[in-house]
Amino acid sequence: MQDRRSFLQRLALSTGAVILMPAVSRCGAPQASAPAAAVRDPNEPLRTEPAGWDAIAYNRERGNAGFIPATYQAAINAESGPKEALGKHLPYLPEVGSVPAGFMAMMWGDPSKGHGRHPNAVKSEANNQVGHWYDWIRVRRAEEGETEELQSSFSDWPGTAAADNGAYAVFGEGDITADGGKNTIYLAALPAEVKSGDRVRVWAHCLTHGEYVAFLTVP
Ligand SMILES: [Fe+2]
């Protein structure tokens with residue numbers, strides 16, 4: 001297994017991207033620091049898709065580097081992993097009616113690709129009181145330069161808290177909790193500059209299964 005740093009360094013080499021590692025200052029005189037905007041989060045995923053990018057392979061590799069819990073790594077590496085563990089956690093655009101302005105509707109595990117549909121669950125003994133839903137989704141335009149990234153928070157399920165800027169809707173007519181919560185639609189807030197037709201990076205976190213990265217085009 002590799003650690004995050006070596007993974008990120010290799011990633012930087014393979015993509016030509018510049019990834020700055022945070023400097024550690026032990027003591028002594030104050031040091032000049034670069035502007036915050038120039039320092040890239042070493043945990044940040046790809047900003048754009050290289051030609052022929054494979055979302056499943058990328059998320060498996062990133063997951064094995066520590067962004068997916070060790071308890072789920074057997075599942076992502078299993079023969080069924082591409083569809084039932086990795087694919088199940090990748091976002092897709094459900095066919096929905098109107099979406100509130102400034103939001104993007106997404107679900108996880110595209111049935112049209114044969115991926116398992118991602119369930120959602122309240123905190124219970126079955127999930128060690130952690131709950132099972134995406135508690136944050138970050139959206140930014142897929143480009144290398146500086147651009148706003150907006151994080152939507154979902155602090156509970158099937159309802160959100162007043163302070164959350166993310167929201168839920170239901171696919172179809174039923175109750176959001178029906179069918180293991182698989183009909184839950186996530187409404188993620190878009191950065192102000194993002195418009196219809198833009199390619200965006202979606203970087204999201206499932207409470208029990210870790211981080212996933214994908215690229216989508218805003219409807
Ligand atoms: Fe999950």
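## Helices, strands and a core: a tutorial

The axes of helix α2 (residues 55-67) and helix α3 (residues 70-77) come within 9 Å of each other and cross at roughly 150°. This is a predicted model.

Student: Are α2 and α3 roughly parallel or roughly antiparallel to each other?

Tutor: Good place to start! The two axes cross at roughly 150°. Angles over 145 degrees count as roughly antiparallel. The pair α2 and α3 is therefore roughly antiparallel.

Student: In which hand does α2 pass α3?

Tutor: Let's look first at where they touch. R60, G63 and N64 in α2 meet Q73, I76 and N77 in α3. The crossing in which α2 passes α3 is left-handed.

Student: Which residues is Q73 in contact with, leaving aside its neighbours within four places in sequence?

Tutor: Begin with its place in the chain: Q73 lies in helix α3. Two residues of α2 that meet α3 are G63 and N64. With those close neighbours in sequence left aside, Q73 is in contact with G63, N64 and I68.

Student: Is Q73 buried, partly exposed or exposed?

Tutor: Count the C-beta atoms around it. Q73 has 18 others within 10 Å. A buried residue needs 20 or more, and an exposed one has 12 or fewer. Because 18 falls in between, Q73 is partly exposed.

Student: What separates the C-alpha atoms of Q73 and H209?

Tutor: Along the chain, Q73 and H209 are 136 residues apart. In space, their C-alpha atoms are separated by 9.1 Å.

Student: How many helices and strands are there in the chain?

Tutor: Walk along from the N terminus and the elements run α-α-α-α-β-β-β-β-β-β-β-β. Counting them up gives four helices and eight strands.

Student: Which strands are the edge strands of the open sheet?

Tutor: Four strands form this sheet, in the order β1-β2-β6-β5, and their pairing is antiparallel. An edge strand pairs on one side only. The edge strands are β1 (91-92) and β5 (167-170).

Student: Which residue of β6 stands opposite A167?

Tutor: Four bridges join β5 to β6, and these strands run antiparallel. A169 stands opposite I185 in β6. For A167, the residue opposite is L187.

Student: And what is the bridge partner of A105 in β6?

Tutor: Here we turn to β2, which pairs with β6 in the antiparallel sense over four bridges. A name from the last answer returns, since A167 stands opposite L187. In β6, the bridge partner of A105 is L187.

Student: Why is β6 largely enclosed by the rest of the structure?

Tutor: In the open sheet, the order β1-β2-β6-β5 places β6 between β2 and β5. The strand is largely enclosed because, of its six residues, the number buried is five.

Student: Which residues touch the most other members of the largest nonpolar core?

Tutor: That core has 30 residues. Elements giving two or more residues to it include α4 (81-86), β2 (103-108) and β6 (184-189). The residues that touch the most other members are M106, Y134, I137, V139, Y186, A188 and V202.

Student: Which residues is I137 in contact with, if its neighbours within four places in sequence are left aside?

Tutor: I137 is one of the core residues that touch the most other members. Apart from those neighbours, I137 is in contact with S152, G166, Y186, A188, V202 and A204.

Methods:
Residues are numbered from 1 along each chain as its sequence is written. This is a predicted model: local features need pLDDT of at least 70, side-chain atom pairs count only at pLDDT 80 or more; totals for chains, interfaces and linings use all residues. A nonpolar core is a set of buried Ala, Val, Leu, Ile, Met, Phe, Trp, Tyr and Cys residues joined through C-beta atoms within 7 Å. Two residues are in contact if their C-beta atoms, placed from the backbone, lie within 7 Å. Two strands pair if DSSP finds at least two bridges between them. Axes are lines fitted to C-alpha atoms, for helices over the stretch in contact, and angles run from 0 to 180 degrees between N-to-C directions. Angles under 35 degrees count as roughly parallel, over 145 as roughly antiparallel, 65 to 115 as roughly perpendicular and the rest as oblique. A crossing is left-handed if the near helix is turned anticlockwise from the far one by less than a right angle, and right-handed if clockwise.
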